[in-house]
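Please find below a colleague's note on the model, set out as numbered points. The sequence and structure come before the points, so that each can be checked against the coordinates.

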Amino acid sequence: MTAKTRFLCAAMIAVALPSAGRAADPPASIKSILTTCNACHGPKGVSSLAQTPSLAAQPNIFTQYQLVFMREGGRKPGAMAAVVKTLTDDQIRDLGAWYESLPPPPALKTGEGGDEARAMAIIKPRHCDSCHKEDFSGQGETGRLAGQRPDYLIKALEDFRSGERRGRGMGAMMEVSVTLKDDDIQTIATYLAHKP
Ligand code: HEC
Ligand code: HEC
């Protein structure tokens with residue numbers, strides 16, 4: 001092998017490796033079901049449907065838990081009732097990993113960016129940021145809130161406040177939302193939706 005061909009081989013491997021290693025495609029187990037999910041949640045997990053959450057960059061465990069809650073009845077599945085019933089545990093695991101691997105939804109740029117000082121005066125005493133993280137990217141079973149659709153954030157907080165959504169039933173979200181006024185919910189949702 002001449003120095004020149006050695007160099008060419010090395011260059012070809014260097015080009016081939018990164019694209020082979022990237023999880024650009026979903027695993028076979030969820031490839032076909034994703035066409036159904038994408039119809040509502042958007043092809044890259046960024047939703048453009050009213051009251052329908054973006055799923056991109058949600059923590060893996062959070063997505064898995066929510067799908068199990070909806071399949072087992074701990075959370076009302078609403079529009080997802082038919083499809084969530086068919087999901088196997090393996091598919092739920094792969095869906096969790098898939099959505100976590102997608103780039104986060106872009107922060108909302110339109111409309112008022114939300115009053116940060118007012119939002120923080122509601123958020124800080126309730127320690128929202130200690131569970132959802134300082135940048136609201138979520139962790140473990142705690143969802144990402146940054147860049148989420150504001151109409152969905154409002155619905156979720158109203159559902160926790162009224163007890164309509166119990167989730168894991170540990171009551172953390174019910175406890176923090178019960179003292180929120182409609183106005184507070186609006187302020188938080190606007191602020192978080194504009195957060196990158
Ligand atoms: C017909 C529309 C529709 C389809 C199809 C659909 N979803 Fe949903 N999904 C929704 C709506 C609406 C919600 C919000 C429910 C609520 O308000 O509690 C939701 C909620 C979720 C949540 C909870 C997210 C969160 O932030 O709490 C996850 C996870 C999810 N869907 C995953 C999926 C997956 C995976 C599929 C495909 C197997 C799927 N969805 C198919 C409409 C849909
Ligand atoms: C003790 C930890 C904790 C605190 C404090 C907390 N959260 Fe949560 N939050 C969670 C967990 C866990 C979930 C998932 C709940 C479930 O469905 O089981 C959640 C879910 C949510 C959701 C639904 C996300 C989605 O995509 O469905 C919203 C919105 C939310 N929290 C907003 C807030 C806000 C706003 C505050 C402060 C007022 C707050 N949280 C304080 C732990 C916390």
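1. Just after α9, Gly-163 adopts a positive phi of about 85 degrees. The model is a predicted one, in which local features need pLDDT of at least 70, side-chain atom pairs count only at pLDDT 80 or more, and totals for chains, interfaces and linings use all residues. Residues are numbered from 1 along each chain as its sequence is written, while chains are lettered from A and ligands numbered from 1 in the order in which they are written.

2. The helix that precedes this glycine deserves a closer look. For the 13 residues of α9, a rise of 1.5 Å a residue gives an expected span of 18 Å (1.5 Å times one less than the number of residues), and the end C-alpha atoms are 18 Å apart, which agrees. Its buried residues are Leu-153, Ala-156, Leu-157 and Phe-160, where buried means that 20 or more other C-beta atoms, placed from the backbone, lie within 10 Å of the residue's own. Viewed down the axis of α9, these buried residues fall within an arc of 95 degrees (taken from the directions from the helix axis to the C-beta atoms), so they line one face of the helix. An α-helix has 3.6 residues a turn, so residues three or four places apart point the same way. The buried residues of α9 pack against α10 and α11 (182-193), contact being defined by C-beta atoms, placed from the backbone, within 7 Å.

3. The largest nonpolar core, a set of buried Ala, Val, Leu, Ile, Met, Phe, Trp, Tyr and Cys residues joined through C-beta atoms within 7 Å, has 17 residues, and those with the most contacts inside it are Leu-145, Leu-153, Leu-157, Ile-188, Ala-189 and Leu-192. Two or more residues come to this core from each of α7 (116-123), α9 and α11, and the largest share, six residues, is that of α11. Apart from this core lies another, of nine residues, among them Ala-56, Leu-67, Val-84 and Trp-98.

4. Trp-98 is also one of the buried residues of α6, together with Asp-94, Leu-95, Gly-96, Tyr-99 and Glu-100. What covers them includes α2 (28-31) and α4. The 13 residues of α6 (residues 89-101) should span 18 Å at 1.5 Å a residue, and the end C-alpha atoms are 19 Å apart, which agrees.

5. Which residues come nearest to ligand 1? Of the 21 residues around it, they are Cys-37, Cys-40, Pro-53, Gln-66 and Ala-79, a residue being counted if its C-beta atom, placed from the backbone, lies within 6 Å of the molecule. The elements that give two or more residues to this shell are α3 (33-41) and α4 (60-72), and α3 gives the most, with six residues.

6. Ligand 2 is surrounded by 20 residues, the closest being Cys-128, Cys-131, Gly-143, Gly-167 and Ala-172. Two or more residues of this shell come from each of α8 (128-132), α9 (150-162) and α10 (172-177).

7. On the chain as a whole, the secondary structure comes to eleven helices and zero strands, taken as DSSP runs numbered from the N terminus (helices H or I, at least four residues; strands E, at least two). Of the 196 residues, 29% count as buried.

Technical notes: Buried ≥ 20, exposed ≤ 12 C-beta atoms within 10 Å, placed from the backbone. Contact = placed C-beta atoms within 7 Å.
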